[in-house]
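Please find below a short note on the model under review. The points concern its sheets and its nonpolar cores.

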Amino acid sequence: MIMLFSCAARTQKKLSREARRTNEKDGAEMVLVNEGKLELGGTREQIDALKNELVKNLSIKLPDNFGDDFMKQGKIFFVSDFYIYLYPVTNKQFAKFINETGYKTTAEKNGYAYVYDGKEAKKLDGANWAHPAGEFSSIKDILNHPVVHVSFNDAHEYAKWAGCELPTEAQCEKAARGAGSFEYPWGNSYENGKMNTGLGKQPYIDNSDGFDFTNPVDAFKNGASSYGVHEMAGNVWEWTSDWYAADAYKNMEEKNPTGPSRGEMKVIRGGSWFSHPGMCKSFVREKMSPSRYNNETGFRCVLNIK
Ligand SMILES: [Ca+2]
Ligand SMILES: [Ca+2]
């Protein structure tokens, strides 16, 4: 009898979790990603295929150990239900955070930012989230684009203000793969018109997808994963809460992994307008110092259900 009651209560609790929610703080729409198993990383074959693709398209030599840090380790992880922002945090949302808190970003304190212009990274005085292409640029016409020039700490402070957290690597990979556990949010092969990427080599820009640099976050209607999460591939790299370690998957806890307890770099995920499409695959990891920022890295938040 008691057992019956607790089962019913659990079902009731599950049913009461709406598929979508809105964060009243910043107006962000969130979608529920249902709990489930996840094998983090790509197979040897998938990584070799990516390596060949990059070597062929970019005419570069990759280190022998390229991709070893995102290889499957035969370990099945479990990720509990969580809500994730449908889109990366936009300039408009970030402006609200700044207006309400008076927060100064790392770039504002430093007084400069590195701006990739499609050919090279230029150090520009006065470049920051509100002036993404340099002192005299503005976000006026790109309010619906993802915020950029945000360090990990900036992203973390925003998430706190919004009553949320940054996603773990496992949450990111799960949201990107969708229920079908695909290489790209929509399936296993590249499709033009589903994300904004670059060439991954000089001149970096590829506007055959409609965009030179960042794009409005809702531009690719067909680029979502099965959970309805957009922009998990391309547009901007996104900060995760995990510290980077090459052997993280071997050592991470199996239930709701949160990554190594310390490190020097944070993991970023999903590739950007600057990246080769292959680098936007669901299992690819990159790393970046938490104090760094640039115009190809942003973030989104998650709401963990306690
Ligand atoms: Ca592009
Ligand atoms: Ca992205």
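The numbered points take the sheets and the cores in turn.

1. The model is a predicted one. In it, an open sheet is built from 4 strands with antiparallel pairing, ordered β1-β2-β5-β12. The edge positions belong to β1 (20-22) and β12 (302-304); each has a single partner strand, so one side of each is left without a neighbour in the sheet. From one strand to the next, the twist averages 30°.

2. Within this sheet, β5 (residues 82-85) is joined to β12 in the antiparallel sense over 3 bridges. Val 302 in β12 serves as the bridge partner of Ile 84. Against the sheet packs helix α6 (residues 169-177), which touches β2 (29-33), β5 and β12. The direction of α6 makes about 75° with that of β5.

3. The largest nonpolar core comprises 64 residues, and those touching the most other members are Ile 84, Ala 155, Ala 175 and Cys 301. Neighbours within four places in sequence aside, the contacts of Cys 301 include Tyr 85, Val 89, Ala 159 and Ala 162. Cys 164, Glu 165 and Leu 166 are also among the contacts of Cys 301. Another core, of 5 residues, lies apart from the largest one; Tyr 204, Phe 211, Phe 213 and Trp 273 are among its members.

4. A further open sheet of 4 strands follows the order β10-β9-β8-β11, and its pairing is mixed. Here β10 (285-288) and β11 (297-298) stand at the edges with a single partner strand each, so one side of each is left without a neighbour in the sheet.

5. Strands β9 (residues 266-269) and β10 run antiparallel and are joined by 4 bridges. Opposite Ile 268 stands Glu 286 in β10.

Methods:
Residues numbered from 1 in each chain as written. Chains lettered and ligands numbered in written order. Predicted model: local features only at pLDDT ≥ 70, side-chain atom pairs only at ≥ 80, totals over all residues. Pairing = 2+ DSSP bridges. Helix = DSSP H or I, 4+ residues; strand = E, 2+ residues; numbered from the N terminus. Axes fitted to C-alpha atoms, helices over the stretch in contact; angles between N-to-C directions. Contact = placed C-beta atoms within 7 Å. Core = buried A, V, L, I, M, F, W, Y, C linked by C-beta atoms within 7 Å. Buried ≥ 20, exposed ≤ 12 C-beta atoms within 10 Å, placed from the backbone.
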